[in-house]
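Here are a few notes to read alongside the structure. Keep the 3D view open and look up each residue as you go.

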Amino acid sequence: MIPAAILITAIMTIVYMGGRTSQTYGVGEIPIGIIDRDKSLLSADMQKFLEGELGMRVESADNTQSYEENMDFMTNRLLDAKIAVLVEIPEGLQDKMLAGQEVKLEMLSLNDYANEAYMESYINNYMQRTALLAQAAKGDAALFESLLHEASTDGMTVIAQEKTGVNAKKGMDERGLSLMVGFFTFVGFGYPMFMGMLLLEDKKNGTFNRIRASSVKPAVYIGGISLSNLAVSALVILGILAMLTVSGMESNVSYGMMLFLLINYTLYCIGFNLLAAFLSKSSFAFLTVGVAYISIGNILGGAYFPLGENILSRLSVLVPQYFMLNTIRGLAEDASYRYGINVCVLILMTVLMFLMAAVAYTRRENTHIQG
């Protein structure tokens, strides 16, 4: 298992480095798609601002097609990586701004968090600028359009802060870190599954039942197996942390937080596989449950990409991957991100899994009475 740990560490290094060098765009080269449902002077000026003043590559939706057709087309463009961010301008944008209402544009991206953050920053600055013009117009649409035209003509621009070399490296490091942690949630499940297979072998030859009938307490038995498994899994975790240190990772995610997240997740996987092994009647059932859980759990938890807002995303809170990646991505975007709730939930999930495993360990087989 030690050579396997070295191999997995090497794979995690490749994933991390691959995530760092994934395709990105310069500030003025971001290809974006625009679906304009407002079709006002304000929405046209916004597109002019993004394309003319910031130099972004703007791809507008076809006005002759329906909203559904445009959304399908732009979504496919996003999935094919032809555009980095999809921006939807809602109906009534100009009217709501003139009325003094707060408006927000919908933005969608896959895993290009850096470009999405830049886009949101630029658009927020633009909206703040135009909100001042709308306030000065006092609800007069004609005056607002005149002020907007004058501001555009006079070159009243929002200063876009260029990324420095340090910020660029930090962004790459955090992208690689997020991708690596996502893949670790899959491979980190492997060692505990191997441990579960050994338990099933003990159940098959009667060793497990003899231990359970002895004076060995559940805490001793489960603790011994968990610590031995954690010791081997720790080789991978320490290898990952050493690799990050050598590479000079720059991120808002500290090494201490990384250590906690990886250790806690490993313990959770150990508890889950202990529970599955205690309850399974065969190796086939155990493997089916394990493979199904890690496959579905990683998708629900956004291990590879954020799930977005939909029906399935409501189930994400059932798996620890969701809280792990929320912490990583939250800190990457904002150093002041409050991750306390995520940490508490992760700890409670792990404790609950071990308590359930302890209950399953002490369970006695039903007595079959032959008539």
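The points below go through helices, loops, aromatic rings and empty spaces in turn.

1. Please keep in mind that this is a predicted model. The values in this note are computed from that model.

2. Let's begin with a ruler check on helix α12, which runs over residues 283-300. How far apart should the ends of its 18 residues be? At 1.5 Å a residue, the expected span is 26 Å, and the end C-alpha atoms are 25 Å apart, so the two agree.

3. Next, see which residues of α12 are hidden. The buried ones are Phe286, Gly290, Tyr293, Ile294, Gly297, Asn298 and Leu300. Because they cover an arc of only 155° around the axis, they sit on the same side of α12. The background is simple: an α-helix has 3.6 residues a turn, so residues three or four places apart point the same way. On the face turned away from the buried side of α12, you will find the exposed residues Phe284 and Ile296. After the helix comes Gly302, with a positive phi near 70°.

4. Helix α2, residues 41-53, invites the ruler check again. From its first C-alpha to its last, this 13-residue helix reaches 17 Å, close to the 18 Å expected at 1.5 Å a residue. Its buried residues are Leu42, Ser43, Asp45, Met46, Gln47, Phe49 and Leu50. Here too a glycine with positive phi follows: Gly55, near 75°.

5. A positive phi also turns up at two lysines. Lys39 has a phi of about 50° although it is not a glycine, and its place is the loop between β1 (31-36) and α2. Is Lys39 buried or exposed? With 54% relative accessibility, it counts as exposed, because the cut-off for that word is over 50%.

6. Lys138 is the other one to look up. This residue, again not a glycine, has a positive phi of about 55°. You can find Lys138 in the loop between α5 and α6 (141-153). Its relative accessible area is 78%, so Lys138 is exposed.

7. Now for the aromatic rings. How many aromatic pairs does a search of the whole structure find? The search gives six. Ring pairs join Phe189, Phe272 and Tyr293 into a cluster; you have met Tyr293 already, among the buried residues of α12. A ring can have a charged partner too: Arg37 lies over the face of Tyr67, 4.1 Å from the ring centre.

8. Try finding the second largest pocket, with a volume of about 320 Å³. It is lined by 14 residues, and those closest to its centre are Glu102, Val103, Lys104, Asn124 and Met127. Which helix gives the largest share of this lining? That is α5 (residues 113-137), with six residues.

9. Finally, look inside for enclosed space. The structure holds one cavity of 30 Å³ or more, and the largest cavity contains about 50 Å³ of space. Its lining is made up of Ile8, Phe184, Val187, Gly188, Tyr191, Ser233, Val236 and Thr266. The elements that contribute two or more residues to this lining are α7 (165-187) and α10 (218-247).

Methods. Residues are numbered from 1 along each chain as its sequence is written. This is a predicted model: local features need pLDDT of at least 70, side-chain atom pairs count only at pLDDT 80 or more; totals for chains, interfaces and linings use all residues. Side-chain values use heavy atoms; hydrogens and water are left out. Helices (H or I, at least four residues) and strands (E, at least two) are DSSP runs, numbered from the N terminus. The expected span of a helix is 1.5 Å times one less than its number of residues. Buried means under 20% relative accessible area, exposed over 50%, partly exposed in between (1.4 Å probe, protein chains only). The arc is that of the directions from the helix axis to the C-beta atoms. Rings of Phe, Tyr and Trp (its six-membered ring) pair if their centres lie within 6.5 Å; planes under 30 degrees apart count as stacked, over 60 as edge-to-face and the rest as tilted. A charge sits over a ring if NZ of Lys or CZ of Arg is within 6 Å of the ring centre and within 35 degrees of the ring normal. On a 1 Å grid over the protein atoms alone, a cavity is a set of points where a 1.4 Å probe fits but cannot get out, and a pocket is an open set with protein on both sides within 12 Å along at least five of seven lines; lining residues have an atom within 4 Å of a point. Grid points are joined across faces, edges and corners, and a volume is the space filled by probe spheres set on the points.
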